[in-house]
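Here are a few short exercises on charged side chains, each with a worked solution. Grab your viewer and try each task before reading on.

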Amino acid sequence: RMEEVAREKEEEFKKQLEKVELSERMMLGEERARSARIAQRAREETEAEWSRKLREEVDGVGLQLRRELRDMEDKMSRDRKELEDSKRSAVMKEAEKWEKALGDAID
């Protein structure tokens, strides 16, 4: 009878041990899943942050390029005006020279 009671106690102990091990595995699985969710959320937040920073940087570069383009267009416009003024001045001087030569020839 003692052996039978010992065997029953051993069986009961094994069942309790299996329940504890199963519970530990479930808790470990939940902990892994929680860790995976935390890691995924951190990854997503990091990606969103980098994406935002990259967008800001690209926008900044775009603004800088537009400013530089506008400055170049302004300079080209000034240079074109100076060239036109220079041509006009040269034509006027040439006309004055011919006018004087023509006046001298008439006199």
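## Charges along the helix

In this predicted model, Asp85 and Arg88 pair up through their side chains in a salt bridge, at 3.0 Å from N to O.

**Exercise 1.** Work out how far apart Asp85 and Arg88 sit in helix α1, in residues and in turns.

*Solution.* Start with the spacing: the two are three residues apart in helix α1, so about one helical turn separates them. Next, check the cover. Asp85 has a relative accessible area of 34% and Arg88 comes in at 47%. Partly exposed runs from 20% to 50%, so that is the class for both values.

**Exercise 2.** Find the salt bridge that links Asp85 to a lysine.

*Solution.* The partner is Lys81, with 3.3 Å from N to O. Both residues belong to helix α1 and are four residues apart, about one turn.

**Exercise 3.** Which residue does Lys75 bridge to, and how exposed is each partner?

*Solution.* First the contact: Lys75 reaches Asp79, with 2.9 Å between the closest N and O atoms. Then the spacing: they are four residues apart in helix α1, again about one turn. Finally the exposure: Lys75 is partly exposed at 45%, and Asp79 is partly exposed at 35%.

**Exercise 4.** Which residues form a negative surface patch?

*Solution.* Look for Glu68, Asp71, Glu73 and Asp74. Take Glu68 as the test case: it lies in helix α1, which spans residues 2-106. A patch member needs over 30% relative accessible area, so Glu68 clears that cut-off with its 38%.

Terms used:
Residues are numbered from 1 along each chain as its sequence is written. This is a predicted model: local features need pLDDT of at least 70, side-chain atom pairs count only at pLDDT 80 or more; totals for chains, interfaces and linings use all residues. Side-chain values use heavy atoms; hydrogens and water are left out. Patches are made of residues with over 30% relative accessible area and no salt bridge: like charges are joined within 9 Å, nonpolar side chains (Val, Leu, Ile, Met, Phe, Trp, Tyr) within 5 Å. Accessible areas come from the Shrake-Rupley method with a 1.4 Å probe; for residues, only the protein chains shown count as cover. A salt bridge is a side-chain nitrogen of Lys or Arg within 4 Å of a carboxyl oxygen of Asp or Glu. Lys and Arg count as positive and Asp and Glu as negative; His and the chain ends are not counted. The place of a charge is taken as NZ of Lys, CZ of Arg, CG of Asp or CD of Glu. Buried means under 20% relative accessible area, exposed over 50%, partly exposed in between (1.4 Å probe, protein chains only).
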